[in-house]
Amino acid sequence: MSVDLSSAIAVITGAGSGIGRATAHSLARRGTRVVVTDIDADRATTVAAEIGEQATALRCDVTSLADLEAARDLARDRFGRVDVVMNNVGVLAVGAVEDIPLEAWQRIVDINLLGIVAQ
């Protein structure tokens, strides 16, 4: 299955900076309309403003099913559908395995695994 990026609708998580931001800009240059999501609402808003009318912003925590559903719903309400989803969020813990607290491991699983599954 191929997607015509000149008319596609994309939802990008973690699009407030880095690879997500660059991808949002790259897709928009090809004509894709983009829902820019980030856990930092200001960063998402800034990127959407840089892109212009073919983008909209939303604060989204990928560990929250309600936030992920809100991103999907915003894309459908604003642009009519969703063609592309880029799960761009990921975290890591640095240090010796035995020194990393259980809470850090849980955060990694919640974001890196379940944040993708829920979409």
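**Close-up views of a predicted model**

**View 1. The salt bridge between Arg72 and Asp73.** Arg72 has a relative accessible area of 32% and is therefore partly exposed, a class lying between buried (under 20%) and exposed (over 50%), assessed with a 1.4 Å probe and protein chains only. The model is predicted: local features need pLDDT of at least 70, side-chain atom pairs count only at pLDDT 80 or more, and totals for chains, interfaces and linings use all residues. Residues are numbered from 1 along each chain as its sequence is written, and side-chain values use heavy atoms, with hydrogens and water left out. The partner of Arg72 in a salt bridge is Asp73, and their closest N and O atoms are 3.0 Å apart; the term requires a side-chain nitrogen of Lys or Arg within 4 Å of a carboxyl oxygen of Asp or Glu. Asp73 is likewise partly exposed, because its relative accessibility is 31%.

**View 2. Two further salt bridges, Asp38–Arg43 and Arg59–Asp67.** Five salt bridges are found in a search of the whole structure. In one of them, the side chains of Asp38 and Arg43 meet with an N to O distance of 2.9 Å. Asp38 is buried, with 3% relative accessibility, whereas Arg43 is partly exposed, with a relative accessible area of 37%. In another, the closest N and O atoms of Arg59 and Asp67 lie 3.3 Å apart. Arg59 counts as partly exposed because its relative accessibility is 41%.

**View 3. The largest pocket and its lining.** The volume of the largest pocket is about 300 Å³. Its lining comprises 18 residues, and those closest to the pocket centre are Gly14, Asp38, Ile39, Val89 and Gly90. A pocket is an open set of points on a 1 Å grid over the protein atoms alone, where a 1.4 Å probe fits, with protein on both sides within 12 Å along at least five of seven lines; lining residues have an atom within 4 Å of a point. Strand β2 (33-38) and helix α4 each contribute at least two residues to the lining of the largest pocket. By class, this lining contains six nonpolar, eight polar and four charged residues. Asp38, among the residues closest to the pocket centre, is also the partner of Arg43 in the salt bridge of View 2.

**View 4. The nonpolar surface patch of Val97, Leu102 and Trp105.** These residues make a nonpolar surface patch of about 330 Å²; patch residues have over 30% relative accessible area and no salt bridge, and nonpolar side chains are joined within 5 Å. Val97 lies in the loop between β4 (84-86) and α4 (102-117) and counts as exposed, at 57% relative accessibility. Leu102 belongs to helix α4 and is exposed as well, its relative accessible area being 63%. The C-alpha atoms of Leu102 and Gly20 are separated by 28 Å, the two residues being 82 residues apart along the chain.

**View 5. Phe79 in helix α3 and Val85 in strand β4.** Helices (H or I, at least four residues) and strands (E, at least two) are DSSP runs, numbered from the N terminus. Phe79 is part of helix α3 (residues 65-79) and is buried, because its relative accessible area is 10%. From Phe79 to Asp42 the C-alpha distance is 22 Å, with their positions 37 residues apart in sequence. Val85 is located in strand β4 and is partly exposed, at a relative accessible area of 41%. Val85 and Ala24 are 11 Å apart in space, C-alpha to C-alpha, and 61 residues apart in sequence.

Methods. Patches are made of residues with over 30% relative accessible area and no salt bridge: like charges are joined within 9 Å, nonpolar side chains (Val, Leu, Ile, Met, Phe, Trp, Tyr) within 5 Å. Accessible areas come from the Shrake-Rupley method with a 1.4 Å probe; for residues, only the protein chains shown count as cover. Grid points are joined across faces, edges and corners, and a volume is the space filled by probe spheres set on the points. Ala, Val, Leu, Ile, Met, Phe, Trp, Tyr, Cys and Pro count as nonpolar, Asp, Glu, Lys and Arg as charged, and the others, Gly among them, as polar.
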